[in-house]
There are 2 protein chains.
Amino acid sequence: MSTKDFALFGAPPAFAESLHCGQRYFPSWQRYRESFRGIFERQYYTEYGPLNQQLEQKLQQFLGVKHAICVTNETVGMMMLAGALGLKGKVILPAFAHIGAAQSLGWAGLEPVFCDADPDTHQIDIDQVAGLIDKDVSAIMGAHLWGGACDTKALAKLAEARGVQLYFDAAHGFGCAVDGIKIGNFGRAEVLSFHQDNILNASEGGCICTNDDELAARLRTMRSSAGAGKPVEVTKTVNGRMSEAQCAIALLNLEDFAQNRQNNQDLCKIYEAQLAAIPGLQLVRHGEVSVSNHQNVVCRVDESEFGISRDRLVALLKAENVHARRCFHPVLHRSIPYAQELPQYQSRLPIADSLAVSCIQLPIGALVSKQNVERICEILKRAHLEAPEILVTAVS
Amino acid sequence: MSTKDFALFGAPPAFAESLHCGQRYFPSWQRYRESFRGIFERQYYTEYGPLNQQLEQKLQQFLGVKHAICVTNETVGMMMLAGALGLKGKVILPAFAHIGAAQSLGWAGLEPVFCDADPDTHQIDIDQVAGLIDKDVSAIMGAHLWGGACDTKALAKLAEARGVQLYFDAAHGFGCAVDGIKIGNFGRAEVLSFHQDNILNASEGGCICTNDDELAARLRTMRSSAGAGKPVEVTKTVNGRMSEAQCAIALLNLEDFAQNRQNNQDLCKIYEAQLAAIPGLQLVRHGEVSVSNHQNVVCRVDESEFGISRDRLVALLKAENVHARRCFHPVLHRSIPYAQELPQYQSRLPIADSLAVSCIQLPIGALVSKQNVERICEILKRAHLEAPEILVTAVS
């Protein structure tokens, strides 16, 4: 065994086909065809069609939430929600989060206030939030990361005490629960993503969940979906509709949820067992959830223990056709336009900064087998063992 | 013949199935299935996939434009474009236009300035635009309505002379040309809609067209579609992606464009011939275009000549299962929130006001046969002849 066995240094790649981090669960071609034939026969492709109605009902049942409002994608949903909540001024959100969360605020005329992260769970640092609330802050946007959840109770208490609204970017959270209550039920509303990277996908898509009737009515009007309830007075609208094609895929994937979640869990167990034996790789701890969807495998690379840096590891894996991802890199407060426009955050968010340069997301999902995971873990183990040599070997 | 023959007064409806105004052209199930099978086999559903790339290339060829940037829907595209153009302050647009045009401005932090319409073509009143430009106006948003076009030359001249930007809401304009140049090539950029109501549909979807390389690069980065060219510095992003499912439908419909356009033209000819004989119904004149897509049949109902009001006619037709539409009603300056927030326009836009209360859109498209059109025209003729009796008959 030597560095010559790595594709980065000239060996053939470990995998003939690329392995990705996205979940990419899709129904069988048979069921897919069946469902699409129905759309075709009805000639009803958009505008709160029968599949959209069915999907919203099934999501409401599944999540135990009063209103599930399907939208074209999560970012548009987050933008709509910020508008429907009537937010003004500033909104607090974690700096270690998806760029879409911050960007949804700009379109709604709001300024982000970035909060640091917890080093073990990666979730928003509850202790820091209180100190960030000032007279210009109208809301806290929590985020549930990696199949875990942020501390919804502490945030709810704080939001109530300080008179600000609370809502959540729940992109990663479909099917997760906190004390038995499914994500979708917390705060004023939560927005799920049905992008193909997430466990329940509609190829693209998303869903705003709320138990507030008035808020739901405003969101349905804002979405511009004729027939979805009595229109109410709203000052902003957008085309936020989910098409019947998107709904068809989500409905079929919803039927498969339990088995897809189980598959994730099985793959996660292999990662957990194998990575525990590799110094310098620390898997994220799922904070707060009583049930996880296990949709993301994320670990921190401690360069001094592991032997090589996170970025070097990403390059090493990429050569093997393993498309591991750097998580939320660059972190929000170092992204355009925030790095220039809000320079005050550059020195205030040490944990988020550290996570963004040290975390790696590994392949899991429909297109990743147990054997694939075993082999990825072997590569990681070898990378650690060969680290000293890797550091001094020139890339071929 | 008497009012008793109208469904509104108790007769069975003229049509067993509802007739709608949307174009609703869709490919055969065979071709549709074939195309979707490909998506399914590739397991590539979103993020600038192969069909997205193909569609953009074919649109560029078809339209003779340098960049066609497909987006999730036109409203999101208009919002992105306003951001990418770096607009500030106010934007002039026609008051007789789709609500999405005005709403796209609000999300981009801009204020609309409403301009009146031409009574014959319904397009923006060129003579009024110049007087609306002040130091706060950064752009004019033209709109091409009903398969016609606004006066692109006069607007370009004015925009240049006054140092403001010019772009277009081209929702209705796919395949139309002005002096042989296809819509998509005018101003800084134009945004087409691929909603199923329009001649080229992707069920939902849209496309931003521009001949400006730098603007195109900004828009591609804003759309968040990995792989679609080198990212450039932009201050705003959103999920503006069109999925492979949407692209598949648009690609197939693009192949059928010539025959769908011909079908529209054939149906329009029947409407033209028949309506010419009915006093008080005046079809919109297609201003400026050398080629129309004939996708909309819109006429003004002159109550004094026709005998009954536009709204009464809509109710009469609806009872027959003919879902005629009131056009842009309420007109933009009377819609929420503009009626309250911008009261200065209430008395300044007489033509737009008049069009909004007198225009009607009639069924045309894939699901409307020549016989259907003949029968709709007969109903209209009878409505005129029986008008005096209709006015005094109670609805059953």
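**View 1. Buried and exposed residues of helix H6 (residues 152-162) of chain A in the predicted model**. Thr152(A), Leu155(A) and Ala159(A) are the buried residues of this helix; a residue is buried if 20 or more other C-beta atoms, placed from the backbone, lie within 10 Å of its own, exposed if 12 or fewer, and partly exposed in between. Seen down the axis of H6(A), these buried residues fall within an arc of 65°, so they line one face of the helix; the arc is that of the directions from the helix axis to the C-beta atoms. Glu160(A) and Ala161(A), on the other side of H6(A), are exposed. The cover over the buried residues of H6(A) includes helix H5 (126-132), strand E4 (137-143), strand E5 (165-169) and strand E6 (177-178) of chain A. Helices (H or I, at least four residues) and strands (E, at least two) are DSSP runs, numbered from the N terminus. Gly163(A), just after H6(A), has a positive phi of about 65°.

Residues are numbered from 1 along each chain as its sequence is written, and chains are lettered from A and ligands numbered from 1 in the order in which they are written. This is a predicted model, in which local features need pLDDT of at least 70 and side-chain atom pairs count only at pLDDT 80 or more, while totals for chains, interfaces and linings use all residues.

**View 2. Crossing of helix H1 (residues 29-42) and helix H8 (residues 244-255) of chain B**. The two axes come within 10 Å and cross at roughly 145°; axes are lines fitted to C-alpha atoms, for helices over the stretch in contact, and angles run from 0 to 180 degrees between N-to-C directions. Arg31(B), Tyr32(B), Ser35(B), Phe36(B) and Ile39(B) in H1(B) meet Glu244(B), Ala245(B), Ala248(B) and Leu252(B) in H8(B), where contact requires C-beta atoms, placed from the backbone, to lie within 7 Å. The residues of this contact divide into 6 nonpolar, 1 polar and 2 charged; Ala, Val, Leu, Ile, Met, Phe, Trp, Tyr, Cys and Pro count as nonpolar, Asp, Glu, Lys and Arg as charged, and the others, Gly among them, as polar.

**View 3. Contact between chain B and chain A**. Chain B gives 37 residues to the contact and chain A gives 37 residues. On the side of chain B that touches chain A, H1, helix H3 (74-84) and helix H4 (99-107) of chain B each supply at least two residues. H1(B) provides the largest share of that side, 6 residues.

Notes: Two residues are in contact if their C-beta atoms, placed from the backbone, lie within 7 Å.
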